[in-house]
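Please open the model in your viewer and keep the sequence panel beside it, so that each selection can be followed in both. The tour goes from one stop to the next, with a short account of what is there.

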Amino acid sequence: MRASFKNKVYAGIAILIVAIVGHLLFAGTPIEPLAYSPPEAPAMEGALKPNELLKQATLALKGQIQGPEDVAIGPDGLVYGGLADGRIVRFDPAQDVSDQVPEEFAQTGGRPLGLAFGPGGLYVADGIKGLLQISMEGKIRTLSTGANGTPFGFTDHLDVSSNGTVYFSDASDRFGVGEYLYDLLEAKPHGRLLKYDPQTGQTTVLRDGLYFANGVALAPDESYLLLNETYRYRVNRYWLKGPRKGEMEVVADNLPGFPDNIARSSRGSFWLCLFTVRNPVMDFLHPHPFLKKIVSRLPKFLWPKPKPYGFVLEIDGNGQYLRSFQDPSGENLKEVTGAKDDGKNLYLGSLHNDRIGILPMQ
């Protein structure tokens, strides 16, 4: 009797193993991945040399918010952040931040990502709702939800020119918020760079075929913008004026991590946020579509995890590294995705963290 029971247990385990293996090898998957051979990650030296400068940042709203992916400094001097629950909140950096509570400014009902102030208020790249404009009274207006007959799948980041023209990214028109790892595994160019004209209300595609189009930042004279392609570890320069208008070139390639948002600094350089450092497992998987299909069939909690690392690079318009601020432990700040400064402090947001960092300018 006991032997019969053991045999049944062994048979059940064998069936379970076969079922799991069969699922990993043959189950349906939402991706059709391509092979991609990433360059070897660069040496962490020079401006990339590890440091712990982000550990010096003061933390605002710690434990009271979740996922302030980007931040923006309003004309009222307050710092705004867009949260995972759809709220946009704000706080006063001139006051003691240790006991401040977030003030709700607006609720988009989606996932507010990129934030930038411009004529008429706050502009929001909402990953679910599209391109939004919010008046200083908190009234929300939808500006655009698609272009050329294709809806936005992942409205991600933006910058606003002096005349109110909005330049923004649709990271992927195939995979939406919560599915960005599928886009990484598939290694196909589903992203777009777009322009919204406030005079006509029209949205134009400036460039498509981008590998997870992410951060957008205008040059001080608005002659060009910088655009990140997260899944190719690079920053592009797209010319808006002059003899090269409409051309795009790579200015920073083979970055040491995954570039997320980018913003112009108060001194005319750019803050480039790296979500995390390079992942050796992903770099190994990329040349092997079959293995990537297997990974896509795993429960998401078993997918390769980003290393908890805080990383912000200051670069110039030619993509040259000027300096970096890091927290290799990720204990104070990790997964930094938004950085803006007011000339005195650098304010730092994060896709998954529960705080906004405040680092005195140096």
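Before the first stop, one term is needed: two strands are said to pair if DSSP finds at least two bridges between them. Keep in mind as well that this is a predicted model.

**Stop 1: colour by confidence**

Colour the chain by pLDDT, and you will be looking at a protein that averages a pLDDT of 93, with 92% of the residues scoring at least 70. Now select residues 16–23, where pLDDT stays under 50 and for which the model has two contacts beyond four places in sequence. Where pLDDT is low, the predicted coordinates should not be read in detail.

**Stop 2: three paired strands**

Select strand β21, residues 270–277, and show its surroundings: eight of its eight residues are buried. Add strand β20, residues 257–264, which pairs with β21 in the antiparallel sense over five bridges; to find one of the bridge partnerships, look for Pro259 and its partner in β21, Leu274. Between these two strands, the hairpin has five residues, and there Gly268 takes a positive phi near 95°.

Next, add strand β22, residues 310–315, which pairs with β21 in the antiparallel sense over four bridges. If you select Leu272, its bridge partner in β22 is Leu313.

**Stop 3: the largest pocket**

Which residues are closest to the centre of the largest pocket? This pocket has a volume of about 590 Å³, and of the 33 residues that line it, the closest to its centre are Tyr180, Tyr231, Phe275, Leu351 and His352. Selecting α2 (180–186), β20, β21 and α3 (280–285) shows elements that each supply at least two residues of this lining, and α2 gives the most, with four residues. Coloured by class, the lining of the largest pocket divides into 18 nonpolar, seven polar and eight charged residues.

**Stop 4: the second largest pocket**

Move on to the second largest pocket, which has a volume of about 330 Å³. Of the 19 residues that line it, select Ala116, Phe117, Asp159, Arg264 and Lys340, the closest to its centre. At least two lining residues come from each of β2 (71–73), β6 (112–118), β12 (155–160), β20 and β24 (336–341), so that β20, which you met in the hairpin, appears here again. By class, the lining of the second largest pocket has eleven nonpolar, four polar and four charged residues.

**Stop 5: the cavity**

A search of the whole structure finds one cavity of 30 Å³ or more, and the largest cavity has a volume of about 30 Å³. To find it, select Tyr36, Asp183, Leu184, Ala187, Lys188, Tyr211, Tyr231, Arg232 and His286, which line it; Tyr231 was also among the residues closest to the centre of the largest pocket. The cavity lining divides into five nonpolar, one polar and three charged residues.

**Stop 6: Asp126**

Finally, select Asp126, whose place is in strand β7, residues 121–126. Is Asp126 buried or exposed? Asp126 has a relative accessible area of 0%, and therefore counts as buried, the cut-off being under 20%. Not counting residues up to four places away in sequence, Asp126 touches Thr108, Gly110, Arg111, Pro112, Leu113, Leu132 and Thr155. As a last step, draw a distance from Asp126 to Glu103: the two are 23 residues apart in sequence and 19 Å apart in space, C-alpha to C-alpha.

Methods. Residues are numbered from 1 along each chain as its sequence is written. This is a predicted model: local features need pLDDT of at least 70, side-chain atom pairs count only at pLDDT 80 or more; totals for chains, interfaces and linings use all residues. Side-chain values use heavy atoms; hydrogens and water are left out. pLDDT is the predictor's confidence in each residue, from 0 to 100. Contact means heavy atoms within 4.5 Å. Buried means under 20% relative accessible area, exposed over 50%, partly exposed in between (1.4 Å probe, protein chains only). On a 1 Å grid over the protein atoms alone, a cavity is a set of points where a 1.4 Å probe fits but cannot get out, and a pocket is an open set with protein on both sides within 12 Å along at least five of seven lines; lining residues have an atom within 4 Å of a point. Grid points are joined across faces, edges and corners, and a volume is the space filled by probe spheres set on the points. Ala, Val, Leu, Ile, Met, Phe, Trp, Tyr, Cys and Pro count as nonpolar, Asp, Glu, Lys and Arg as charged, and the others, Gly among them, as polar.
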